[in-house]
Amino acid sequence: MTNKPRGVLYVGVTAQLPARIVQHRDGKGSAFCRRYNLTILVHAEPHATIEEAIVREKALKAWKREWKIELIEAANPEWQDLFDHLVDIS
């Protein structure tokens with residue numbers, strides 16, 4: 001999640017991505033997302049199990065900011081909001 005291209009970045013994990021995005025947009029998600037108005041989904045990765053997703057989340061949180069930006073821009077160079085495409089990435 002972000003607030004603008006190359007803006008503040010948030011990495012999280014959820015089993016219900018569309019619902020979680022709606023929560024963030026309604027100001028009911030994480031305090032971090034509320035604080036920085038993070039409402040744009042710019043990257044998502046499906047995983048077979050929640051355990052795999054948590055492992056990946058922890059790894060991404062340990063990454064340098066530039067690595068995260070490179071990951072996003074490799075798949076979404078325009079930093080488009082992917083919310084309307086969730087069926088394609090889920």
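Student: Why is glutamate 57 called buried?

Tutor: Glutamate 57 has a relative accessible area of 13%. Buried means under 20% relative accessible area, exposed means over 50%, and partly exposed lies in between (1.4 Å probe, protein chains only). The value of 13% is under the first limit, and glutamate 57 is therefore buried. The model is a predicted one, in which local features need pLDDT of at least 70 and side-chain atom pairs count only at pLDDT 80 or more, while totals for chains, interfaces and linings use all residues. Residues are numbered from 1 along each chain as its sequence is written, and side-chain values use heavy atoms, with hydrogens and water left out.

Student: What does glutamate 57 touch, beyond residues up to four places away in sequence?

Tutor: Glutamate 57 touches Val11, Gly12 and Val13. Contact here means heavy atoms within 4.5 Å.

Student: What makes the pair of glutamate 57 and lysine 61 a salt bridge?

Tutor: A salt bridge requires a side-chain nitrogen of Lys or Arg within 4 Å of a carboxyl oxygen of Asp or Glu. The closest N and O atoms of glutamate 57 and lysine 61 are 3.2 Å apart, and the pair therefore meets the criterion.

Student: Why are glutamate 57 and lysine 61 said to be separated by about one helical turn?

Tutor: The two residues are 4 residues apart in helix H3. An α-helix has 3.6 residues a turn, so residues three or four places apart point the same way. Helices are DSSP runs (H or I, at least four residues), numbered from the N terminus. The partners do not share one accessibility class: glutamate 57 is buried, whereas lysine 61 is partly exposed at 49%.

Student: How many salt bridges does the structure hold, and which of them link distant parts of the chain?

Tutor: The structure holds 4 salt bridges. One of them joins glutamate 73 to arginine 6, with the closest N and O atoms 3.1 Å apart. This pair links distant parts of the chain, since glutamate 73 lies in helix H4 and arginine 6 in the segment before H1, 67 residues apart. Another joins aspartate 81 to arginine 25, at 2.3 Å from N to O. Aspartate 81 is in the loop between H4 and helix H5 (86-89), arginine 25 is in helix H1, and 56 residues separate them.

Student: Why is each of aspartate 81 and arginine 25 called partly exposed?

Tutor: The relative accessible area is 30% for aspartate 81 and 34% for arginine 25. Both values fall between the limits for buried and exposed, which means that each residue is partly exposed.

Student: How do you know that the buried residues of H4 lie on the same side of the helix?

Tutor: The buried residues of H4 are Lys68, Ile69 and Ile72. They cover an arc of only 100 degrees around the axis, which puts them on the same side of H4. The arc is that of the directions from the helix axis to the C-beta atoms. These buried residues pack against H3, while the face turned away from them carries the exposed residues Glu70 and Ala74.

Student: Why is histidine 24 called buried, and which residues is it in contact with?

Tutor: Histidine 24, in helix H1, has a relative accessible area of 6%, and therefore counts as buried. Leaving aside neighbours within four places in sequence, its contacts are Met1, Tyr10, Gly29, Ser30, Cys33, Leu38 and Thr39.

Student: What makes a region of space a pocket, and which residues line the largest one?

Tutor: On a 1 Å grid over the protein atoms alone, a pocket is an open set of points where a 1.4 Å probe fits, with protein on both sides within 12 Å along at least five of seven lines; lining residues have an atom within 4 Å of a point. The largest pocket holds about 750 Å³ of space, a volume being the space filled by probe spheres set on the points, which are joined across faces, edges and corners. Of its 32 lining residues, the closest to its centre are Gly12, Val13, Leu17, Ala44 and Glu45. Helices H1 (17-25), H3 (50-62) and H4 (65-75) each give two or more residues to the lining.
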